[in-house]
Amino acid sequence: MTITEKILAAHAGLGTVSPGDLIQVDVDLALANDITAPLAIRVFEEIGRERVFDPEKVALVSDHFVPNKDIPSARQAKIIREFARSQGIVHYLELAYGGIEHVILPEQGLVLPGDLVMGADSHTCTYGALGAFSTGVGSTDLGAVLATGRTWLRVPPTIKVIYRGTLGKWVGGKDLILYTLGRIGVEGALYKTLEFSGEVIGSLSMDQRLTMANMAVEGGAKNGIVEPDEITRQYVAGRSEREPIFYSSDRDARYERVLEVQVDDLEPQVAFPHSPDNVRPVSEAGDVPVDQVFIGSCTNGRMEDLRIAADILKGRRTSRNLRLIVIPGSTRIYREAIEEGIIQTFLESGAVIGPPCCGPCLGGHMGILAEGERALSTTNRNFVGRMGHPESEVYLAGPAVAAATAVLGRIASPEEL
Amino acid sequence: MKYEGRVWKFGDHVDTDVIIPARFLNVSDKDELAKHCFEDVRPEFVKEVAQGDILLAGVNFGCGSSREHAPLAIKSAGIGVVVARSFARIFYRSAFNIGLPILECEEAFDAFSDGEQISVDLRTGEIGSKVEGVRVFAKPIPDFMSRIIEAGGLVPYIKAKGTF
């Protein structure tokens with residue numbers, strides 16, 4: 001069996017499972033945010049249960065429209081806050097105690113290797129980086145999980161992607177996943193698992209792996225996963241009192257497809273509008289002036305991302321023709337970035353720093369584009385209207401290209417500086 | 001269950017940001033959401049869609065966000081059934097859960113044109129035009145999903161069974 005099949009079998013109480021099987025599983029953690037939780041809470045109440053299945057196994061995170069941008073979003077956050085209080089939800093997180101859900105859950109040790117996580121947010125697949133099974137669902141599914149602690153799943157077939165070679169200086173997890181999406185297309189992994197492996201993944205930090213698993217859903221995948229290893233062990237050490245379970249794929253595990261990627265000559269990648277699979281190497285981007293650069297989100301708002309960007313921005317000024325917005329993924333990262341002097345570097349280069357939240361990524365607040373405007377963003381989606389006006393454009397890249405672009409005022413490689 | 005109505009054709013990879021942009025997600029009232037369905041890409045949709053109309057799409061319909069607001073907005077706007085070559089998986093689950101019928105069909109997209117009057121039979125999967133006489137068939141709905149639909153959606157299913 002593959003690692004995904006083993007985790008699913010364990011949570012279904014079965015010895016084996018095969019792709020296509022419909023199974024019922026126990027959930028280790030249920031997650032919802034300020035967009036999806038109000039609907040999920042309504043469903044939970046309609047089902048008619050008094051209490052959630054386990055107040056320690058529910059995470060409610062207000063992160064999309066916080067600090068609340070208007071009265072309707074304040075009302076939504078209030079619904080969650082009151083529900084969390086009345087149910088005694090242990091992991092109710094917002095503002096100073098949190099940040100972006102997919103950044104803080106691994107950071108605070110709420111997800112461990114071997115867990116099964118269901119989240120009412122498509123980027124719940126991020127936790128696959130830890131060797132957990134995690135996937136996004138809608139609010140009704142999540143409401144049912146809140147009531148029962150269980151859900152149904154169809155066991156997905158697995159596409160194994162093996163990355164070989166040595167990564168170039170400015171090439172990271174974001175470039176690997178963008179390149180992969182370019183190869184397989186946005187429906188290339190529909191209803192399937194993407195298992196990331198090979199020596200390149202083995203040498204990647206957890207921050208980079210989280211970025212890759214985060215975007216598995218952009219290929220239509222149910223989950224993206226990395227077999228846990230020593231890097232995983234070091235990452236989770238001291239974050240939780242629970243014991244992680246390390247699963248790995250059998251040598252004779254069955255894969256629907258195996259894709260090999262040689263990374264030696266791989267350049268930093270850029271996804272052009274309006275799809276994450278519309279990818280080109282940065283050297284072929286041409287002359288694309290941009291109005292806004294955004295560094296942040298559940299894809300690239302982690303400590304290592306900020307360090308890479310700050311490394312490039314140190315001693316340089318952002319172009320006068322654009323605005324650079326930096327949003328640390330969590331309060332903890334924000335604090336650490338202050339202590340390391342990274343925030344100072346950003347400010348001196350001409351950036352504005354936002355409070356940890358999902359704001360600009362989905363055109364929520366704090367960085368909306370007007371018609372005709374163009375942004376380069378470290379986020380995960382560049383659909384029509386994703387960051388504001390339907391006639392605006394979003395280009396996706398990693399933090400290195402974002403920082404170089406902020407300096408030169410057009411999409412650029414750090415090699416050009 | 002049979003639906004008859006006008007075809008609203010959309011292409012491949014119709015994402016949830018296009019179905020209901022995030023700026024409208026600070027509410028979760030379905031009638032409020034319906035007012036903004038496809039607003040950015042097809043502003044006439046909300047004004048002209050009639051109860052029971054049929055949405056035809058290509059591959060990967062509903063990709064992107066997990067926002068259930070997307071199938072809710074489509075259903076609440078009046079669409080009776082969505083027929084696509086394939087659906088993004090979160091949208092697929094959510095549509096069943098909230099009682100928006102969806103069917104997967106390879107041929108339907110090319111067989112019918114925008115604005116055409118067609119009928120869709122959920123039970124047999126038969127999709128046919130009223131005038132031209134063209135007929136195609138969609139894949140039957142999986143058993144497990146049928147049980148959820150027969151129960152009236154996920155909430156009544158759980159209420160009846162107590163769990164999964």
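Begin by selecting the lining of the largest pocket in this predicted model, where the residues divide by class into seven nonpolar, seven polar and five charged. The space in this largest pocket comes to about 350 Å³, and of the 19 residues that line it, Val43(A), Glu46(A), Thr140(A), Leu72(B) and Ile98(B) are the closest to its centre. To see which elements form the lining, colour α2 of chain A together with α4 (69-77), α5 (89-98) and α8 (154-161) of chain B, each of which supplies at least two residues. The largest share, four residues, comes from α2(A).

Keep α2(A) highlighted and turn next to the interface. Select the residues of each chain that are in contact with the other: 47 residues of chain A are in contact with 42 residues of chain B. The area buried between chain A and chain B is about 3,800 Å², with 59% of that area given by carbon and sulfur atoms. On the side of chain A, show Thr140(A), Trp152(A) and Tyr191(A) as sticks, since these residues lose the most area to chain B, together 17% of what that side buries. Thr140(A) has been met already, as one of the residues closest to the centre of the largest pocket.

Now look for polar links between the chains. Between chain A and chain B, 21 residue pairs are in polar contact, counting pairs with both residues at pLDDT 80 or more. The elements that give two or more residues to the side of chain A that touches chain B are β1 (22-26), α2 (37-47), α3 (71-87), β6 (133-136), α5 (139-148) and β7 (150-154), all of chain A. Here again α2(A) gives the largest share, six residues. By class, this side of chain A divides into 20 nonpolar, 15 polar and twelve charged residues.

Which side chain meets Arg386(A) in a salt bridge? Select Asp17(B) and Arg386(A) together, and the salt bridge between their side chains appears at 2.8 Å, N to O. Across the interface of chain A and chain B, the rule finds two salt bridges.

Leave Arg386(A) on display and move to the enclosed spaces. The structure holds three cavities of 30 Å³ or more, and about 220 Å³ of space lies in the largest cavity. Of the 23 residues that line the largest cavity, the closest to its centre are His64(A), Asp121(A), His123(A), Leu362(A) and, once more, Arg386(A). The elements α4 (101-107) and α10 (297-300) of chain A are those that give two or more residues to this lining, which by class has seven nonpolar, ten polar and six charged residues.

For the second largest cavity, with about 130 Å³ of space, select Val217(A), Gly220(A), Cys63(B), Gly64(B) and Ala88(B), the closest to its centre of the 15 residues that line it. The lining of this second largest cavity has seven nonpolar, five polar and three charged residues.

The last stops concern the backbone of chain A. Centre the view on Val66(A) and Pro67(A), which are joined by a cis peptide bond with omega about -20°; Pro67(A) lies in the loop between β3 (58-62) and α3 of chain A. Then select Pro273(A) and His274(A), where the peptide bond from the former to the latter is cis, with omega near -5°, and where His274(A) lies in the loop between β12 (269-271) and β13 (279-281) of chain A. Finish at Ser297(A), a residue other than glycine with a positive phi, near 85°, which lies in helix α10 of chain A.

Note on methods
Residues are numbered from 1 along each chain as its sequence is written. Chains are lettered from A and ligands numbered from 1 in the order in which they are written. This is a predicted model: local features need pLDDT of at least 70, side-chain atom pairs count only at pLDDT 80 or more; totals for chains, interfaces and linings use all residues. Side-chain values use heavy atoms; hydrogens and water are left out. On a 1 Å grid over the protein atoms alone, a cavity is a set of points where a 1.4 Å probe fits but cannot get out, and a pocket is an open set with protein on both sides within 12 Å along at least five of seven lines; lining residues have an atom within 4 Å of a point. Grid points are joined across faces, edges and corners, and a volume is the space filled by probe spheres set on the points. Ala, Val, Leu, Ile, Met, Phe, Trp, Tyr, Cys and Pro count as nonpolar, Asp, Glu, Lys and Arg as charged, and the others, Gly among them, as polar. Contact means heavy atoms within 4.5 Å. Buried area is the accessible area (1.4 Å probe) that two parts lose on being put together, summed over both. A salt bridge is a side-chain nitrogen of Lys or Arg within 4 Å of a carboxyl oxygen of Asp or Glu. A polar contact is a pair of N or O atoms within 3.5 Å; within protein, one must be able to donate a hydrogen and the other to accept it, and residues adjacent in sequence count only if both atoms are side-chain atoms.
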